[in-house]
Structures are given as structure tokens and as C-alpha cells.
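Biologist: I'm new to this one, so could you take me through a single part of it slowly? I'd like a close look at the aromatic residues and what surrounds them.

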Amino acid sequence: MLPVYPEAKHNPLGDANICSRLLFWWLTPLFRVGYKRRLEEDDMYSVLPEDRSAHLGEELRGYWHREVSRAEKDAREPSLTKAIIKCYWKPYLVWGIFTFLEEGTRIVQPVLLGKIISYLEYYDPSDSAAFHEALAYAAGLSVCVLTWAFLHHLYFYHIQRVGMRLRVAVCHMIYRKALRLSNSATREASTSQIVNLLSNDVNRFDQVTMFLHFLWVGPLQAVVVTALLWMEVGISCLAGMAVLILLLLLQSWPSGSCFHHSGVRPQLTQTTGIRTVSEVITGIRTVKCTLGKSHFRILLPDREGKFYYMSHHILYSPRHFTE
């Protein structure tokens with residue numbers, strides 16, 4: 001008898017050396033298959049043991065139990081945020097250093113480019129020292145570009161992997177908690193709320209982990225750029241920085257408000273829809289158990305506030321639900 005799910009392919013990342021990990025050579029076989037034909041589900045590699053839900057969930061649960069114990073001793077509410085920080089702060093800090101180096105190379109690039117432009121502006125064929133100095137600036141600029149490209153892809157891959165691990169660990173804890181809820185707790189936490197947590201809310205971890213480091217790298221980068229501009233153009237650079245800060249404030253406030261409303265409304269609609277469907281299915285089962293196949297119609301509100309009917313033909317059709 002063939003297995004229901006075919007055995008996943010071995011993940012070459014587990015056996016890859018340091019060069020293959022840094023340059024993503026372990027993905028070359030997958031790229032070759034994708035070049036010849038369209039990739040299918042069977043072409044995907046298996047999940048590494050350290051990325052599996054059981055491992056990540058149990059690791060986060062250990063920190064959560066420690067946080068609960070400390071909260072009981074201190075007579076306070078336990079904080080999931082503290083448990084997450086204690087669990088993932090070490091790898092996240094390491095990749096924060098990569099962010100600093102990446103943005104540092106971006107700052108050095110215009111400085112070197114300015115030196116090259118200055119050499120071309122005051123070009124002197126007889127000055128061999130300036131020529132060799134310009135070559136050094138060009139070589140430094142090339143190294144900075146290559147370093148930035150290398151660090152950029154390496155950083156985003158690993159930081160997204162950290163976000164994926166955090167999301168999987170939290171989903172593991174939500175599933176585990178949902179299976180152990182009491183009858184009184186299930187009345188307060190509906191199925192739609194749990195579905196929203198697993199489908200919408202946990203996805204925020206992927207976005208937060210990618211851009212959280214820029215909260216401290218961004219201001220530091222702005223200070224360094226302002227200092228460089230001060231040395232070049234003087235106090236006039238403050239006017240340009242003021243305009244940038246003003247535009248940042250004007251863009252962040254309306255866009256943040258719009259994103260908030262655009263994210264809340266679909267969640268409310270989805271929650272209402274899931275709750276309505278759950279109530280309908282529960283009612284259908286009740287009707288079938290109590291009334292048999294008598295004519296029955298259920299009145300349901302749609303999104304526009306109108307009403308429509310589900311006839312007994314739909315309710316009792318075996319294609320829509322199982323006994």
C-alpha cells in the first residue's frame with residue numbers, strides 16, 4: 001500500500017558547508033529543476049529538524065512556563081512578549097549586527113563616489129598619486145557594492161527564517177491551547193477568533209522581524225548622513241533633513257491609519273462570516289436530528305444587510321456536509 005503522503009526529499013541545507021550556506025549553493029539542484037519544468041510539491045525539500053513545529057513549540061513553551069513561574073512569584077500577569085524575547089534574542093541580535101554592516105556599506109558608497117567625481121573634476125594627467133588614489137576609491141566602491149549585495153540577501157533570508165520560526169512556535173502553542181480548552185473557555189473564545197489568530201495575526205511576526213532592526217539603524221544612519229552633509233554643504237543640510245522628517249511624519253500618520261482600518265475591517269468580516277457559518281452548520285445538525293426531513297428554511301443576513309434563504313433542498317443535500 002502506497003503512503004498517503006510521499007516521503008519528502010532530503011534537505012541539502014542540513015549537509016551544506018559554510019560556503020554553500022553563505023552563497024546559497026545548496027539551492028542549485030532546485031533551480032535546475034525549476035529551469036527545466038514547473039516546480040511541484042514533491043520537488044520541495046523536507047523541513048529541517050530545528051525548524052519543525054514540535055521542536056520550536058516545545059522550546060517556546062519552556063520559556064513560557066518559566067515566565068509563568070516568575071509571574072506567580074512576583075504576583076503579576078505573565079507576558080508572552082518576555083518569553084519570546086528570551087527565546088529568540090540571541091539569533092536576532094546577531095543578524096542585527098549584519099543590518100548595521102549592510103547599512104554602513106550603503107553610507108560609505110556615496111562618500112567613495114564623491115571622491116571619484118572630485119578626481120574627475122580636477123583631473124591632472126601628470127599626477128600619478130591622485131590616479132592611484134582614484135583607483136583605490138573605485139576598488140573600495142566595488143567592494144562595498146558586492147558586500148552590500150552579499151549581506152542584504154543573507155540578512156533577509158535568515159531574518160525571515162527567524163520570523164518563520166517564531167510564527168510556527170506561536171501557532172504550535174495556539175493549537176495546543178485550543179485542544180485543551182474547557183467548555184466554559186470555548187464559549188468565550190470562538191472558532192473564528194482562533195482561525196483569525198492562526199491566519200492573520202501570527203503573520204505579523206514575519207513582517208516585524210524583518211524591519212524591527214531599522215528602528216535603531218534608521219536614526220543612526222540619519223545622524224551619520226547629516227554629519228556628512230554638514231561637512232560638505234554646512235548648515236544648509238538641516239533644511240533638507242527637516243523636509244525629510246516632515247514628509248516622514250505626513251506619510252506615516254495617514255498611511256498607518258489607513259492600514260489599520262483596512263486590516264481591521266477584513267478581520268471583522270471574516271470573523272462574522274466564520275461565526276455565521278458555524279452557527280448554520282450547528283443549526284443544520286440540530287434540525288436533522290429533531291425534525292427529520294420536514295420543510296425548513298433558515299434566514300441568513302448577507303454582507304449588504306439583506307436576507308436570503310437556504311431551502312431544505314440545500315440543507316439536506318449530502319454534498320454539502322457529512323452525517
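**A close look at the aromatics**

Modeller: Let's start with Tyr157, which is partly exposed, with a relative accessible area of 25%. Keep in mind as we go that this is a predicted model. Tyr157 has a partner: Phe24 and Tyr157 make an edge-to-face aromatic pair, with 5.3 Å from centre to centre and 85° between the planes. Where do the two sit? Phe24 is in the loop between α1 (18-23) and α2 (28-36), while Tyr157 belongs to helix α5, so this pair ties together parts that are 133 residues apart in sequence. Trp26 joins in too, as Phe24, Trp26 and Tyr157 form one aromatic cluster.

Now look at Tyr155 and Phe156. These two also form an edge-to-face aromatic pair, at 5.2 Å centre to centre and with 80° between the planes. Are they buried or exposed? Tyr155 is buried, at a relative accessible area of 0%. Phe156 has 19% relative accessibility, and it counts as buried because the cut-off is under 20%. If you want to hunt for others, the structure holds seven aromatic pairs.

Phe156 also leads us inside. It is one of the residues in a core of eight, which also includes Tyr92, Trp95 and Met210. That core is separate from the largest nonpolar core, which has 14 residues. Within the largest one, the residues with the most contacts are Leu60, Ile84, Tyr88 and Val170. Three helices give two or more residues to it: α3 (53-74), α4 (80-121) and α5 (128-179). Of these, α5 provides the largest share, with seven residues.

Tyr88 is a nice aromatic to zoom in on here. Leaving aside residues up to four places away in sequence, Tyr88 touches Leu56, Leu60, Arg165, Leu166 and Ala169.

Last stop, the surface. Phe100 is in helix α4, and at 43% relative accessibility it counts as partly exposed. Who keeps Phe100 company out there? Together with Ile97, Leu101, Trp216, Leu220 and Val224, Phe100 forms a nonpolar surface patch, and the accessible area of the whole group is about 530 Å². Two helices, α4 and α9 (214-233), each supply at least two residues of that patch.

So that's the tour: an aromatic cluster with Tyr157 in it, a buried Phe156, Tyr88 in the largest nonpolar core, and Phe100 in a patch on the surface.

Conventions:
Residues numbered from 1 in each chain as written. Predicted model: local features only at pLDDT ≥ 70, side-chain atom pairs only at ≥ 80, totals over all residues. Heavy atoms only, no water. Core = buried A, V, L, I, M, F, W, Y, C linked by side-chain atoms within 4.5 Å. Buried < 20%, exposed > 50% of the residue type's maximum accessible area, 1.4 Å probe, protein only. Helix = DSSP H or I, 4+ residues; strand = E, 2+ residues; numbered from the N terminus. Contact = heavy atoms within 4.5 Å. Patch = residues over 30% accessible without salt bridge, like charges linked within 9 Å, V, L, I, M, F, W, Y side chains within 5 Å. Areas by Shrake-Rupley, 256 points an atom, 1.4 Å probe, with all protein chains shown as cover. Salt bridge = Lys/Arg side-chain N within 4 Å of Asp/Glu carboxyl O. Phe/Tyr/Trp six-rings, centres within 6.5 Å; stacked < 30°, edge-to-face > 60°.
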